[in-house]
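Here's a quick briefing for anyone meeting this structure for the first time. Have a look at it, then read on.

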Amino acid sequence: MDLIWLIPLLPGLGAAINGIAGIRFFGKRVAGLLACTTMAAALLLSLNAFRLLLVLPAGEREFDVQLLTWISAMPLQLSDGSIGTFSIPWGFRLDPLSAMMLLVVTGVGFLIHVYSTAYMHEETDGAYARFFAYLNLFCFFMLMLVLGDNFVVMFVGWEGVGLCSYLLIGYWYEKQSASDAGKKAFIVNRIGDWGFILGIFLVYMTFGTLDFRAVADAAGGLPVEAGGFGVISLITLLLFVGATGKSAQIPLYVWLPDAMEGPTPVSALIHAATMVTAGVYMVGRNAVLFSHAPDVMLIVAVVGVLTALMAATIGLVQNDIKRVLAYSTVSQLGYMFLAMGVGAFAAGAFHLMTHAFFKALLFLGSGAVIHAMAGEQDMRRMGALKKYLPVTFVTMLIGTLAIAGIPPLSGFFSKDEILYRTFLSSRWIWGLAAVTALLTAFYMFRLMSMTFFGAYRGPVWQPGHGHDHAGGGASGHAAWHGPHEAPRAMTITLMALAVGAILAGFVGMPQALYGNNAIERFLEPSFTARHAAAASGEHDSAGGILLAASAQPARDPASEESAQESHDAEGGAAQESHGGEGGHLSQAGEIGLMLLSVAIALVGIGVAYRFYVRAPQIAEQLAARWAGAHRVLSNKYYVDELYGATVVRGTMLSASGLWAFDAKVVDGAVNGSGWLTIFSSWFSHLLDKYLVDGLVNFVGAVLENASFMFRKMQTGLVQNYALVMLFGVFAFVSLYLLSR
Amino acid sequence: MVTMTHYLVLSTALFMIGVIGVLTRRNIIVVFMSIELMLNAVNINLIAFSQHLQNVVGQVFAVFVICVAAAEAAVGLGIILAFYRNKETVNIDEMSLMRW
C-alpha cells in the first residue's frame, strides 16, 4: 500500500512519454500499448491497494503516504487572529471513498483506453499518440484528485482534469464547433473554480489546516448551523459552487452538452464516468462540513433535483444520440447531488459508481453506433440497427435498463436508495425525483427505439460488399458498406462494462431486500468525523482555532448518530432540518416504494415503446400539438441564449464599454498631455529662441561694437607694450617728482 | 676714489642700454640679453648701496636677483627654442599670435 503514489504517477509517465516522444516517433501500436499498459498497471495496483484496505478493520481503513513537501511550513494568519502554520505536502490518502473512486477511475479508464485503441484508429499516427497522451494525462490528474489528502492537492487534480477536458473536447481543433466547445467548458469551469478556491481559502482561515481528515475532525466538534448561516455554511456554499461547475449542475451545466464535440471515448470517460463526478466526490469528501450546514444541504438537494428534472426534460426531444446521453448525465449527476443534499452521502457515491459503469457503457455503445454509421450522430437517420449491431444492442439494452432502474441491474439499487432517502427527507423533492425517473426511462427508451428498432432511415449503401472492407483493398475504409459491428477491442469493452452494469448494484443491496448494504457500511468512515479524535484531540488537530470546545461537549450529531445506528449516520443532520420526518419506513413501506419506482420505470419504457416503435406518428402528433413546449425543449429552455444575452453579452458590452473608455478617455488623457507638452515646449522654444538667445546675442553685439576701437591697441608686438610701459613709468615718476 | 656717483652713473648707463636694446632690437635673443643687462644694472645699484649703507641685505637681494635671472633665462630660452622649432624664426615681430 506504500505504492499508492505510483497509481497516479504511472499514467502521468505514460502521458509524458507519449506526449514528448510519441507524437513524433511512435506508431499506433506502440502509443496505444504504452497508454493501456500504464492504465493496466495502475488498475492492478489499485486492486491490490483495495484488497489490502479491505483486510483492515473497518475503523482503521485509512492509509496516508506523504511523498514530498510541496509548500513548506510558513506562518499565516487565521480568521480569529491567531497564526496558523500553512504547509502543503504531496500527500495521498487511501480511504474507503477514495478507494471506490480509484477503482472506478482505473477500471473504467482502462477499459476506455482499450476501446479507444480501436475507435481512434482512423486518426494519423501523431494525432493518435496525442490522444493517448491527453487521455493518460487526464487519468493522472483524476487519480491525483481522488487520492489527494488535502484541498490543495485535490485542487491541482481538479484544475488538471479541467485542462485535459478542454484539450480533449477540442481534440479535433480544426473544427470550429469543437474548439468553441472546449473554450466554453474551460471558461464555465473557471466560474466554478472561483467558488472552490474561495472555499479553500475560507477553510484554511477557519480551521488552520487543509487536510481533509483534520478539517472533518475539527468541524465535527462544531455545532450544526441549523439556525443561521454561519461560516461553515459559507464554506460549503462556495465549495458547492465549485462542484456545480465541475459536475454540470444548474446554473453551470451548459458546457457539458457541448462537450460532446469531443471523441466519444472522451465523452464516456471524462464527461460521464469520472471527471464530472469530481464535484460529487468533493462534496462527499467534505460530508462532515456539509452535514453541519443544513441550509446549504437543502440548496444542494434542490439544485440537484431541479437539474435532474430540467436536463431530463431537455433530453426528451434531443435528436443527437450523444446529446441525449449528455443530458442524461447531467440529470444523473443531479440525482447524485440530490443524494448528497438529503444527507445520503453513501447513496450518492454508490450511484456515482453504478452510473460510471452504465453511462460509460451507453456512451461507448453510442460510439459503436456512430462508428457503424460512419460518423452519423442524428438518431432520425438511424433505426433498425439491432440486426447489424447485435453485441452493441444487447450491451446498450443492459445499460438502458440499468439507468431506467429495472431490477436487478445496478442502477435500480443506487437510484432507489436515493429515492428512498429523499422520500424520508422531503415529499415534494421526492415527487420531482420520481418524475425525473419516469422521464429517464422514457428518453432512454426513446433513444433505444430510434436507434435499434423501427425502420432503417439512414443513407443507402451498395449491397454485396458488406464484408470485404476488412480486406483492406484500394477502397479500404473510405467506402462505407453499411452499418457493421464494431471491432473486437470495442465489443469486449462493451461486454466488460455490461457485466459491471449488471453486477455493480449488488454491493449496495438494501436491507429491505435482505442484503446488508455493504457499500454504505464500507464508505461510512469517510463521511464521518472520527469522534474519538474530535472529542479529545480537538485542540491539537484544529490548530490555532478557538473552537470553544468546552461549551458544547456533546453536540456532535455525526458521532451521536453513528454511535446509535451506523445505517443512518450520515443522514442525521440533514433529516433533522428537513422537517423532522427522519427515521425509517417499515420494510413493507420500503419495498412498496421500490415497486413504485419500478412501476414508474416500466411506464416510461412502455410509453416510449408505444410512441417510437408501435406508433411513431403519435410522437409527431404530440410534438405538433404541443409545438410551443416542444420548441422550448428543443432549444434547451433557451438557457444558452439567455446566458448569451445576459452574461456573455453583458461581458462583451462592458468590455467594449471599457475599451471605449480606454480609447477615448485614458488614451485621450495620455494624448492630451502629450499635446500639451508639445505645445508648451513649442512655446518655450520660441521664448528661448527670440527672448533668451536674443538677449545674449544683444549683449554680445553691443560689446563687439563697443570694443571695435579698443582692439586696435592690441598689436601683439611685445616691444610696443614695453614702450608704452616705459612711457607710463616716465609719466608716473614725473608726476611723482613734480607733485612733491 | 670710486664714489657712489660712479656706481649710479654706471648702473644708469647699463640700464638705459638695456631699455634701448629691448625696445629696438628685433632678435629675441638680443632682447633677452638686454633684459639681463637691465637686471645686472639693478644688481650694481643694490651692491653699491649695500656697501654704502653697510647693510648686507642689499647683497642678499642681489644674489636673489641672479638666481631669479638664471631661472628666467632657463624658462625663456626654453620658450624661444620651442617657438623656433615651430616658426623657424626668432624675429620678435612674428610673435603676435595671441593678438585679437
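A residue counts as buried if 20 or more other C-beta atoms lie within 10 Å of its own, as exposed if 12 or fewer do, and as partly exposed in between, with C-beta atoms placed from the backbone. By that yardstick, buried residues make up 9% of the 100 residues in chain B. Keep in mind that this is a predicted model, where local features need pLDDT of at least 70, side-chain atom pairs count only at pLDDT 80 or more, and totals for chains, interfaces and linings use all residues. Residues are numbered from 1 along each chain as its sequence is written, while chains are lettered from A and ligands numbered from 1 in the order in which they are written.

**Chain B**
- Chain B has three helices and zero strands (DSSP runs numbered from the N terminus: H or I of at least four residues for helices, E of at least two for strands).
- Its C-alpha atoms fill a box of roughly 50 × 25 × 25 Å along the principal axes.

**Where chain B touches chain A**
- Ten residues of chain B are in contact with ten of chain A (C-beta atoms, placed from the backbone, within 7 Å).
- Chain B's side of this has seven nonpolar, one polar and two charged residues. Here Ala, Val, Leu, Ile, Met, Phe, Trp, Tyr, Cys and Pro are nonpolar, Asp, Glu, Lys and Arg charged, and the others, Gly among them, polar.

**A helix pair in chain A**
- Residues meeting between α18(A) and α25(A) include A:Ala434 and A:Phe442 in α18(A), and A:Gly604 and A:Tyr612 in α25(A).
- That contact divides into 17 nonpolar, four polar and one charged residue.

Notes: Two residues are in contact if their C-beta atoms, placed from the backbone, lie within 7 Å.
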